Amino acid sequence: METALGHSLAHVPALPGRTLVLVDRPDSMFWDTVSERSTLNRADAAAVFGTALAPRAEQADLVEFGWRSVPVPYAPGEPVLDVLKRFHTLGGTDTTKAVRTHYRDHDRVLVVTEEQSAPYGPGGPGPVPREVPVLTWNLAGYRPAHSPTGPSRHTSGGLTDAAFRVIGLVESGRKAAWSWTGDPDTPR
């Protein structure tokens, strides 16, 4: 199983600098699966995604959050499924508190959630400066979103291995086409 998972995570980018990876673990993410054809619940999908990202960063803080937040220890090269066993159920969702507790001048903040929480309010996600990218993957589509969109604030709906490529595209600011539209420089 771990070998297959390793192959499917081949698109995980190397992330320079410091990265804060926040994985939402409320009770509600354990109730629904990621799709009708899957047995994987949203909480474990979020944990797998976050655990795949953290070791690829030059330096990452992997944190699970709910009503409280806790760092999740991992070692470079450690099997994702072993790290997954360290995650817990943490009640509800308080994204703002998790950001305020764990953000320490990181170069980016990555949040995997269902966004079933109170919004951050005006100005974005707490202490994160506007120029620092905050990327959110929303696994359920609840409203309202917890963060406004903007030049360095992006929310994607759903989660596939293609989501890993979003990080580099956002940070580079390059013009890019979605995989189904072709070359971005080709007139339509």
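# Exercises on a predicted fold

Strand S1 is mostly covered, since seven of its ten residues are buried. The model is a predicted one, and the exercises below work outward from this strand.

## Exercise 1: The sheet around S1

Determine which strand runs parallel to S1 and how many bridges join the two, then place the pair within the sheet.

Step 1. The strand that runs parallel to S1 is S2, and eight bridges join the two. Within this part of the sheet, Asp24 stands opposite Phe65 in S2.

Step 2. On S2, which covers residues 57–65, one also finds a pairing with S3, this time in the antiparallel sense and over three bridges. Here Val63 stands opposite Pro71 in S3.

Step 3. Taken as a whole, the sheet is open and has six strands in the order S3-S2-S1-S4-S5-S6, with mixed pairing. Strand S3 (69–71) and strand S6 (153–157) stand at the edges, and because each has a single partner strand, one side of each is left without a neighbour in the sheet. Direction ignored, neighbouring strands of this sheet are turned by 20° against each other on average.

## Exercise 2: Helices against the sheet

Identify the strands touched by helix H2 and the angle that its direction makes with that of S1; then do likewise for the strands that helix H4 lies across and its angle to S3.

Step 1. Helix H2, residues 42–53, packs on the sheet and touches strand S1 (15–24), S2, strand S4 (108–113) and strand S5 (134–138), while its direction makes about 165° with that of S1.

Step 2. Helix H4, which spans residues 95–102, lies across S1, S2, S3 and S4, and runs at about 40° to S3.

Step 3. To set these elements in the context of the chain, note that the protein has five helices and six strands, which follow one another from the N terminus as α-β-α-β-β-α-α-β-β-β-α. Among contacts in the protein with a separation of 6 or more, 69% are between residues 24 or more positions apart.

## Exercise 3: The nonpolar cores

State which residues touch the most other members of the largest nonpolar core, and which element gives the largest share of this core.

Step 1. The largest nonpolar core holds 30 residues, and those that touch the most other members are Leu53, Leu62, Phe87, Leu110 and Trp137.

Step 2. Two or more residues each are given to this core by S1, H2, S2, helix H3 (80–84), S4, S5 and helix H5 (164–172). The largest share, seven residues, comes from H2.

Step 3. For Phe87, when residues up to four places away in sequence are not counted, the residues touched are Val23, Arg25, Ala47, Thr51, Leu62, Glu64 and Val72.

Step 4. There is also a second, separate core of twelve residues, which includes Leu22, Phe65, Val109 and Val111. For the protein as a whole, 43% of the 188 residues count as buried, and the accessible surface comes to about 9900 Å², of which 55% belongs to carbon and sulfur atoms.

## Exercise 4: Salt bridges and their exposure

A search of the whole structure finds five salt bridges. Examine the three treated below, and decide for each partner whether the residue is buried, partly exposed or exposed, given that buried means under 20% relative accessible area and exposed means over 50%.

Step 1. The side chains of Arg18 and Asp61 meet in a salt bridge with an N to O distance of 3.6 Å. This pair links distant parts of the chain, as Arg18 is in strand S1 and Asp61 in strand S2, 43 residues apart. Arg18 has a relative accessibility of 23% and therefore counts as partly exposed, and Asp61, with a relative accessible area of 30%, is likewise partly exposed.

Step 2. Asp32 forms a salt bridge with Arg42, whose closest N and O atoms are 3.4 Å apart. Since Asp32 lies in the loop between S1 and H2 and Arg42 in helix H2, the pair ties together parts that are ten residues apart in sequence. Asp32 is partly exposed at a relative accessible area of 34%, whereas Arg42, at 13% relative accessibility, counts as buried.

Step 3. Lys85 forms a salt bridge with Asp82, the closest N and O atoms lying 3.8 Å apart. With a relative accessible area of 67%, Lys85 is exposed, whereas Asp82, with 34%, is partly exposed.

Conventions:
Residues are numbered from 1 along each chain as its sequence is written. This is a predicted model: local features need pLDDT of at least 70, side-chain atom pairs count only at pLDDT 80 or more; totals for chains, interfaces and linings use all residues. Side-chain values use heavy atoms; hydrogens and water are left out. Two strands pair if DSSP finds at least two bridges between them. Helices (H or I, at least four residues) and strands (E, at least two) are DSSP runs, numbered from the N terminus. Axes are lines fitted to C-alpha atoms, for helices over the stretch in contact, and angles run from 0 to 180 degrees between N-to-C directions. Contact means heavy atoms within 4.5 Å. Buried means under 20% relative accessible area, exposed over 50%, partly exposed in between (1.4 Å probe, protein chains only). Accessible areas come from the Shrake-Rupley method with a 1.4 Å probe; for residues, only the protein chains shown count as cover. A nonpolar core is a set of buried Ala, Val, Leu, Ile, Met, Phe, Trp, Tyr and Cys residues joined through side-chain atoms within 4.5 Å. A salt bridge is a side-chain nitrogen of Lys or Arg within 4 Å of a carboxyl oxygen of Asp or Glu.
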